[in-house]
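These are my notebook entries on a structure that I went through by topic. The sequence and the coordinates come first, and the entries follow.

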Amino acid sequence: MNHPPYIHVAVSLAAAPFLFGVINKVKAGFAGRKGPPLFQMYYDIVKLMRKGAVYSRTTTEMFRLSPLVSVAVGILAVMTVPLGQTESLISFHGDIFLLAYLFGMARFTTVLAAMDTGSAFEGMGASREVQFSMLAEPAFLVGLAALSLLTGESSVAGILSALRNGTGTATGHVVIPICVASLFIVLLAENSRIPVDDPNTHLELTMIHEVMVLDHGGMDLGFIHYGSALKLWVFASIIARILVPVKMSSPMLDAALATASLLAVTVAVGVVESTMARLRMLRVPQLLTGATILSLVALIIAMR
Amino acid sequence: MNEWLDLAVALLILSNFMLVNTSRLMSCIRIVAIQAVILSVIALLSHLHALDVRLVVLVIITVALKALVLPQVLKRVTVGTGVERELSPFVGYSLSLMAGGGLLALSFLMSHFLTVPEPGLSRFFLPASLFTIFTGLFIIIARKKAVTQVMGYMAMENGIYAFGVSLAIHEPFIVEISVLLDVFVAVLIMGVAIFHISHEFDHIDTDQLSV
């Protein structure tokens, strides 16, 4: 035990929006632009927090609830996932399902809020979001199940520390790369990054996640942005930890390594976004089915 | 060494999924060629302790034939017929992927009841070779274009080769060479036939030929 687990939670909560800055810098670098400052997301959130919100008369409590749920879910998820070699704040048997369905709950409330506005446009976005997440969810769960089977643990923190200690890795050298590939696709899909969704576009034909939050403003929008930053942080730190399960001699080195691997995953997201085009809407289910199949292959191999 | 073998076998499994998932004929041809290379690497890796001339010659012939000559023949046929993609297969691509998942589970189940005589080989090798055979069969059933069906035939042959490596290591040289010759002749004849079919009927849909 190097330092108390609430430190990494505090660091995560403070540093999560920074990842978006890194992604945008990488994208700007590829395009030959200077790009927005690394802390742009913080400025945006602070600006939105100082604004009041306008609510349509057709909306109900659901509409106001959903941004809060997405932030609350993000905070809870950060607590279940350890960063680097730290312990996680909350950890119990089977919390991989908690993690998967926390995000499911956040999505559910977002979808309800989108339907609540009564706009046909947002309903369309909600329908797409639900369709794609229905395909991304099995990929995520089966991928985690494969890792769980490999390590014999059923909590996120347990799985990750078992990978570090190298227990039960008889087939790890095959299962882990396949799982990482699958989880990376899930990361891109769940955080509406480019091959699935374009976070920058406001073109109605291609929007998925952006559509659903069109009617939120001010503080609510700030909460939604912050929630999505936390979500990206959680996914990126899981993948970073699976990829770099090394424990260094001192806690400082551990922290440095964790930060470096987290940044590497983020930069990879940025590179994917800069070098790939967004997939056609019809091709997205095929990509996500592919991710599920990758997880399934990992699971079957882990069973042997 | 065993780790690399396992990784190569995992690549073989994943290449089958790519084959099932892609609609472009050129990528299909490339994937089948890559499969042949992976198989040769597996054959070499699993016999590193006892490399002999026979095996090396066989691997060289296999790679030359399956990864260079046959893809070239099929590429010419594809360009000649002007068919670039399999647009409306019997089974769609997402569904094909799921079917592939089912086939993978089936082949792992089946290999539970079979025992491998050679203990040095990867544990996944037998199911992977069964899976390659099944994938080839599936493609023959699920696709309409004659070129894609030939691709399925070649994938199936790759699977049989893998099965041979995993079960009957010491089969005589002459058998393996003659199997290779069979495949070569078969693909050549199919290529010529497809070319003539496309000239005669303006398409290579086997679905329309059967009416």
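**Entry 1. R107(A) and its partner**

Is R107(A) buried or exposed? I looked up its accessibility in this predicted model. The relative accessibility of R107(A) is 8%, so I enter R107(A) as buried.

I then looked for its charged partner. R107(A) forms a salt bridge with E190(A), and the closest N and O atoms are 2.6 Å apart. I placed both residues: R107(A) is in helix α4 of chain A and E190(A) is in helix α7 of chain A, so the pair links distant parts of the chain, 83 residues apart. E190(A) has a relative accessibility of 12%, which puts E190(A) among the buried residues, because the cut-off is under 20%.

I also checked whether this pair stands in a wider set. A network of salt bridges links R107(A), E190(A), E129(A), E137(A) and K231(A). For the whole structure, over all chains, I noted 7 salt bridges.

**Entry 2. E273(A) and two basic residues**

Which side chain meets that of E273(A) in a salt bridge at 2.6 Å, N to O? I found K27(A) there. E273(A) lies in helix α10 (residues 251–275) of chain A and K27(A) in helix α1 of chain A, so this salt bridge ties together parts that are 246 residues apart in sequence. I recorded both E273(A) and K27(A) as buried.

E273(A) also forms a salt bridge with R193(A), where the closest N and O atoms are 2.4 Å apart. This pair again links distant parts of the chain: R193(A) is in the loop between α7 and α8 of chain A, and E273(A), in helix α10 of chain A, is 80 residues away in sequence. I looked up the accessibility of each. E273(A) is at 3% relative accessibility and therefore counts as buried. R193(A) is likewise at 3%, and so R193(A) counts as buried.

As a general remark for this page, side chains of opposite charge can pair when their charged atoms come close.

**Entry 3. H8(A) in helix α1**

I turned next to H8(A), which is found in helix α1 (residues 5–31) of chain A. With 3% relative accessibility, H8(A) is buried. A polar atom of the H8(A) side chain lies 3.1 Å from the backbone oxygen of V81(A). Apart from neighbours within four places in sequence, the residues in contact with H8(A) include V78(A), V81(A), P82(A), L83(A) and T86(A). I listed E87(A), S88(A) and L89(A) among its contacts as well.

**Entry 4. S237(A) in helix α9**

V81(A) came up again when I looked at S237(A), and the two are 156 residues apart in sequence but 7.7 Å apart in space, C-alpha to C-alpha. S237(A) has its place in helix α9 (residues 218–243) of chain A. Its relative accessible area is 3%, and I therefore recorded S237(A) as buried. Residues up to four places away in sequence aside, S237(A) touches V81(A), L83(A) and L262(A).

**Entry 5. A106(A) in helix α4**

I looked up A106(A), which is in helix α4 (residues 95–116) of chain A. A106(A) has a relative accessible area of 9% and is buried. Not counting residues up to four places away in sequence, A106(A) touches V69(A), S70(A) and V73(A). From A106(A) to V73(A) I noted 6.5 Å, C-alpha to C-alpha, with their positions 33 residues apart in sequence.

**Entry 6. Chain A against chain B**

How many residues does each chain bring to the contact? Chain A gives 16 residues and chain B gives 20 residues. Between them the chains bury about 1700 Å², of which 73% is on carbon and sulfur atoms. H173(A), Q286(A) and R304(A) supply 37% of the area that chain A buries against chain B, more than any other three residues.

I then searched for polar links. Between chain A and chain B I counted 0 salt bridges and 2 residue pairs in polar contact. On the side of chain A that touches chain B, the elements giving two or more residues are α7 (172–190) and α11 (284–303) of chain A. The largest share, 10 residues, comes from α11(A). That side divides into 10 nonpolar, 5 polar and 1 charged.

**Entry 7. Confidence**

Last, I checked the confidence of chain A. The average pLDDT of chain A is 88, and 95% of the residues score at least 70. Within chain A, confidence is lowest in helix α8 (residues 209–212), at a mean of 83, and highest in helix α2 (residues 40–49), at 94.

Note on methods
Residues are numbered from 1 along each chain as its sequence is written. Chains are lettered from A and ligands numbered from 1 in the order in which they are written. Side-chain values use heavy atoms; hydrogens and water are left out. Helices (H or I, at least four residues) and strands (E, at least two) are DSSP runs, numbered from the N terminus. Buried means under 20% relative accessible area, exposed over 50%, partly exposed in between (1.4 Å probe, protein chains only). Contact means heavy atoms within 4.5 Å. Buried area is the accessible area (1.4 Å probe) that two parts lose on being put together, summed over both. A salt bridge is a side-chain nitrogen of Lys or Arg within 4 Å of a carboxyl oxygen of Asp or Glu. A polar contact is a pair of N or O atoms within 3.5 Å; within protein, one must be able to donate a hydrogen and the other to accept it, and residues adjacent in sequence count only if both atoms are side-chain atoms. Ala, Val, Leu, Ile, Met, Phe, Trp, Tyr, Cys and Pro count as nonpolar, Asp, Glu, Lys and Arg as charged, and the others, Gly among them, as polar. pLDDT is the predictor's confidence in each residue, from 0 to 100.
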